[in-house]
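Please walk me through this structure, beginning with how two of its helices are placed against each other and then moving outward to the chain as a whole and to single residues.

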Amino acid sequence: ADFDAKKKRKVAEIYRALNSDPIDVATLRRMAISEGGLLTDEIRCKVWPKLLNVNTDDLPPLPARKELREDNEDYQQVLLDVRRSLRRFPPGMPDDQREGLQEELIDIILYVLKCNPQLHYYQGYHDIVVTFLLVVGDRLAMALVEKLSTHHLRDFMDSTMDNTKHILNYLMPIIDQVNPEVHDFMQSAEVGTIFALSWLITWFGHVLSDFRHVVRLYDFFLACHPLMPIYFAAVIVLHRRQEVLDCECDMASVHHLLSQIPQDLPYESLISKAGDLFVQFPPSELAKEAAQAAQAERTAASTFKDFELASVQQRPDTVLRQRFRERLRGEERTKSILTKPRTNRFVKLAVMGLTVALGAAALAVVKSALEWAPKFELEIFP
């Protein structure tokens, strides 16, 4: 009953924010982030457009299907991906209804690509679009997905993967700030970040089987800075730190473990941790280390040959791994641009418990989301 009362209060607060003049978007963002997110699809239909600044009174008319599909170079690939997307529809949905939705899904994707020739389709994009379609219906989904594609998803829709890789490069520095041991273990295993690629580019829609968890995360991501999904990815890895450290320290084992995402994650506490980490280690602070991670990838390739030769002559492996790692880091250390000494981190982590309790994280995250604009993106992704 206590939970119901809390829910009722939240619903009332959301509607107050929606009905105020002007609409209180900051409160809506806070509601989307805080426990339980936006609660119902009915509320999402009203709030998601506000979070994306889409005017629902002025929606584009649905385009003619035939026009969209003729001479469209992406049509075949989109068709294949959408046909494979059966499991993204509610189990037990009648076939004809699902097939109708799949046709709408194809239309929405082709519409966004047609109106924005600078955007490129990628596999996994349909996992995001189907979430919007199921929650808000085709016409509104079209407008929301277009806005999302030109903002939050913009980097995934470039003609190359460079910007996507760049965002993935934020993963290890975040992990390093919170748990150097896990970070170093993953570096030794040379697992890279590719296990998190499908999480990132589908906003976890592709890997979570329960639709409720997916929409809860979408509430959170829509209310936050576009890099929040990579913080959430880091929090999942950190949540599984013991499993990671118990794993064989080699690429295959660690990659296999991490790419299988557990379905019973404690979503609410992970969301609040991701918000906290964002506040403590904002992207601007990690940008240098993310750039170094890209540099290290290149260095790793060039030193790998020497490493193999050396390993024939010397045992035990641990000594080698240590040296290999020191070599990678030595170069960067001499530049002494590693942002902050690690002692500072423990102070920050102690504060963390407080920020959650005070809801300060939610406020700061909201503030950063409101300040975020495409110009900011240019600074992060040179």
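**A helix pair and its surroundings**

In this predicted model, α10 and α11 are oblique to each other. The underlying geometry is that the axes of helix α10, residues 171–178, and helix α11, residues 180–189, come within 6 Å and cross at roughly 140°. The pair is classed as oblique because an angle has to be over 145 degrees to count as roughly antiparallel, and the crossing of α10 and α11 is put at roughly 140°. On the side of α10, the residues that make the contact are Met172, Ile175, Asp176 and Val178, while α11 contributes Pro180, Val182, His183, Met186 and Gln187. Sorted by class, this contact between α10 and α11 consists of 6 nonpolar, 2 polar and 1 charged residues.

The wider setting of that pair is a protein chain with 22 helices and 0 strands. The protein chain has 382 residues, of which 49% count as buried, and its accessible surface comes to about 18500 Å², with 55% of that area belonging to carbon and sulfur atoms. Among the contacts in the protein chain with a separation of 6 or more, 78% are accounted for by residues 24 or more positions apart. The structure holds 0 disulfides. As for cysteines, Cys45 counts as partly exposed at 26% relative accessibility, and Cys115 is likewise partly exposed, with a relative accessible area of 39%.

The loop between α2 and α3 offers a place to look at contacts between distant parts of the sequence, and Gly37 lies in this loop. Gly37 has a relative accessible area of 0% and is therefore buried, since buried means under 20%. Which residues is Gly37 in contact with, once its neighbours within four places in sequence are left aside? They are Lys10, Met31, Ala32, Arg216 and Asp219. For Asp219, the separation from Gly37 is 182 residues in sequence, whereas the C-alpha to C-alpha distance between the two is 5.9 Å.

Leu39 belongs to the loop between α2 and α3 as well, α3 being residues 41–51. The phi of Leu39 is near 70°, which is a positive value in a residue other than glycine, and at 21% relative accessibility Leu39 counts as partly exposed. Most residues other than glycine have a negative phi, and most peptide bonds are trans. A second positive phi is found at Asp71, where the value is about 50° although the residue is not a glycine. Asp71 sits in the loop between α4 and α5, the latter being residues 75–83, and with a relative accessible area of 83% it is exposed.

The backbone also contains a cis peptide bond, which joins Asp21 and Pro22 with an omega of about 0°. Pro22 has its place in the loop between α1, residues 2–19, and α2, residues 25–33.

Within helix α1 the reader can find Lys7, which counts as partly exposed at 34% relative accessibility. The C-alpha atom of Lys7 is separated by 9.9 Å from that of Leu38, and the two residues are 31 residues apart along the chain. Another lysine, Lys66, lies in helix α4, residues 65–69, and at 61% relative accessibility Lys66 counts as exposed. Lys66 and Asp107 are 41 residues apart in sequence, and the C-alpha to C-alpha distance between them is 9.5 Å.

Finally, helix α7, residues 125–136, contains Thr131. Is Thr131 buried or exposed? Its relative accessibility is 0%, so Thr131 counts as buried. When residues up to four places away in sequence are not counted, Thr131 touches Arg88, Phe211, Val214, Val215 and Tyr218.

Note on methods:
Residues numbered from 1 in each chain as written. Predicted model: local features only at pLDDT ≥ 70, side-chain atom pairs only at ≥ 80, totals over all residues. Heavy atoms only, no water. Disulfide = S-S within 2.5 Å. Buried < 20%, exposed > 50% of the residue type's maximum accessible area, 1.4 Å probe, protein only. Helix = DSSP H or I, 4+ residues; strand = E, 2+ residues; numbered from the N terminus. Contact = heavy atoms within 4.5 Å. Areas by Shrake-Rupley, 256 points an atom, 1.4 Å probe, with all protein chains shown as cover. Axes fitted to C-alpha atoms, helices over the stretch in contact; angles between N-to-C directions. Parallel < 35°, antiparallel > 145°, perpendicular 65-115°, else oblique. Nonpolar A, V, L, I, M, F, W, Y, C, P; charged D, E, K, R; others polar.
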